[in-house]
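Biologist: Could you take me through one part of this model at close range? I would love to hear how the open sheet of chain A is put together and what packs around it.

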Protein chains: 2
Amino acid sequence: MSLSYATLKSADPDTVRRSIRTSQYRGHTAGLCPGQLQANLVILPQVLALDFMRFCQRNPRACPLVGVSDTGAPHIDALGDFDLRTDLPAYNVYRDGVLVDSSSDISALWSDDFVAFALGCSFTFESALQKAGIPLWHIENDTTVPMFRSAIQARPAGPFAGPVVVSMRAIAQARLEDVRAISARFPHAHGAPVHQGDPAQIGIADLSRPDWGHPAPVPPGHMPVFWACGVTPQAAIATARPSICITHKPGHMLITDIPDQADALDVLDLPSLQSS
Amino acid sequence: MSLSYATLKSADPDTVRRSIRTSQYRGHTAGLCPGQLQANLVILPQVLALDFMRFCQRNPRACPLVGVSDTGAPHIDALGDFDLRTDLPAYNVYRDGVLVDSSSDISALWSDDFVAFALGCSFTFESALQKAGIPLWHIENDTTVPMFRSAIQARPAGPFAGPVVVSMRAIAQARLEDVRAISARFPHAHGAPVHQGDPAQIGIADLSRPDWGHPAPVPPGHMPVFWACGVTPQAAIATARPSICITHKPGHMLITDIPDQADALDVLDLPSLQSS
C-alpha cells in the first residue's frame, strides 16, 4: 500500500517515519510534520569523520551541525527515535565523490565504521519567514530554490574544501530587516544572510543561471538575498572524494522529533536543561 | 623583565601574547584585552578527538566549541595569530586524568598527534552583564565564581561522561529577565542560564559549599542563577582518563583576536561573510 503526501501532511513524525520505513511513502518531505526540525544527512567512514566535523565547525553558516552519531550507530538519540538506514524516503550513494546510486534503504550498505551527521536546513527559516508574511517565490511556484557557487571559499579541513554555495531568495526592500532578524534566530539553520544586493560582489555572474535549482525572478522593489546553503558540504565531499559517502536525496530529509522554531541551544542541548 | 597586570591591562592581544610568550607575564587573563574573546583550551591526542568533539557538540551550553586545530598544528587560524604551546600564561598537564604538572610553556610536550580545542568562557557574558549595570559579586570581591556538580548528566560521547557542572551568580529579581536575554545572546559562551531558583532542583544541597571556587552570598531580593560551566569538560576528561591532556590553568585563558561581544555566527564564521 502506498500513502499519499496529502494523507501524511498532518501526521506526527513517528507515523511519517514508519510509513517511510515500510516503503508506503517515498516522496519528498517539504511541508511534512510542520513544526518539526528537518535535517540534511551525511554519512562518512570514521576515518574522515574528524575532518568533516572540523569542516562543519569552521563553516557553521553553511554546515550547521545539529547531531552526530556514535561510530556505527544508525541513530542520533538527541534528535529523536529513528533509524538512519531506513527512515529517510531516499538516499544518494557516492563513491570516490561521484553519485553512483539512489536508494530508499541503505541497510545493506551500512558499516560499523560509519558516522552520521545531521545538518540544519533552510526549511526552518523559510517556515519562520512565511509565518511572518514574507512570500518565497520558489515555494509558491513549487520550484527548487536557485543555488550558486560563490567566490567565497569555505575554510578547509583535511581533504574537505571548496566554495561556499549560497541560495538566493528575492525579498521586498521593506522586509529586508525583518528577514535578517528572523533568520538570525536560527544559527542551526544557516542563520542570517551572508550577502544581499549585487550578486557580482560574491562572484555570481548571472542570477538567471543557477548552478543548482531553478532560476527565480527579482521583481522591482526587491533585492536578491543570499544564504549559506547545505549544498556546501556536498561540494566539499566531491572535492574530498571519500571511498563511500551516503547523503539524503535533496528534498528527502531526516524528520526529527525536535521543535523546528526553538532557539539554537534549546534545539541542541539537553531536554533536562530546558525545563528551567 | 617582568610586566605587571596594570601595564598590560589595555594592551592589544598581540602585545599581551608576546609578553606571555617571552615569559614577561604569567598572571591570569581576566580583564586583559577587554573586548576580545577569551577561550578555554583543551589539548588531546587525536585518537580521542572525535569523541571529545562529539561530547562538545552534544553539550553545547557546557562546552561551546569556538575553534579546533588541525591535527598537530599549535594554532587555530580562525581565532587569531597565536602559538598554543607558548601563548597562554599557564597550562595544566593531566596524565590518566590526574593533574601532574603546571607549566608556562608546553613546547617540549607537544606532539604531532595533538588536537587543540578552544571553548567559549563566561568572561564573555559576564562582561556584557556588567556593561548592562548588573553587578557580579565574585568579580567585585575578587574571588572565583562558585561552581557545583549538578545532578544533570551531560550527554556522553565515547569515554567522555559526567555531570554538567554549573556556576552560580546571585541576580536581583528585577534583572532576571535582562540577565537571561543578555546571556542568551552568547551561545558560544554558555548562553542563557540552565536554572534559576531552588538549587535542590538540580541536585545542589548547599550553596555555601561549592565544589570549585568560593562561596558567594544570595542577598535578599536576589535569586541564585546557574549557568553551564566550562569545568564540565574537565570533569568528563577526568572520567575518560586520557593518557595525556593539556588544558589552560583556570583563569589563564587563550586570548583570541575575535571580538568578544559579536553574535555567535559572526564570531565563528568567515570574516569574508561578515562584510555583507
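Modeller: Happy to; here is a walk through that sheet, from its strands to its surroundings. Please keep in mind that this is a predicted model.

The open sheet in chain A is built from four strands in the order 6-7-9-8, with antiparallel pairing. At its edges lie strand 6 (147-153) and strand 8 (195-196) of chain A, each of which pairs on one side only. Strand 8 of chain A is joined by two bridges to strand 9 (residues 222-228) of chain A, and the two run antiparallel. Within strand 9 of chain A, A:Val225 is the bridge partner of A:Gln196.

Two helices come next. Helix 7 (residues 231-240) of chain A packs on the sheet and touches strand 6, strand 7 and strand 9 of chain A, its direction making about 160 degrees with that of strand 7 of chain A. Helix 6 (residues 176-184) of chain A lies across strand 7 (163-172), strand 8 and strand 9 of chain A, at about 15 degrees to strand 9 of chain A.

A good residue to zoom in on is A:Val166. Beyond its neighbours within four places in sequence, A:Val166 is in contact with residues including A:Met147, A:Phe148, A:Val194, A:Phe226 and A:Trp227. A:Val166 is also among the residues with the most contacts inside the largest nonpolar core, which has 154 residues, as are A:Phe117, B:Phe117 and B:Val166.

For the wider setting, chain A has eight helices and 11 strands, and 50% of its 276 residues count as buried. Of the contacts in chain A between residues at least 6 apart in sequence, 76% join residues at least 24 apart.

Note on methods: Residues are numbered from 1 along each chain as its sequence is written. Chains are lettered from A and ligands numbered from 1 in the order in which they are written. This is a predicted model: local features need pLDDT of at least 70, side-chain atom pairs count only at pLDDT 80 or more; totals for chains, interfaces and linings use all residues. A nonpolar core is a set of buried Ala, Val, Leu, Ile, Met, Phe, Trp, Tyr and Cys residues joined through C-beta atoms within 7 Å. A residue is buried if 20 or more other C-beta atoms lie within 10 Å of its own, exposed if 12 or fewer, and partly exposed in between; C-beta atoms are placed from the backbone. Two residues are in contact if their C-beta atoms, placed from the backbone, lie within 7 Å. Two strands pair if DSSP finds at least two bridges between them. Axes are lines fitted to C-alpha atoms, for helices over the stretch in contact, and angles run from 0 to 180 degrees between N-to-C directions.
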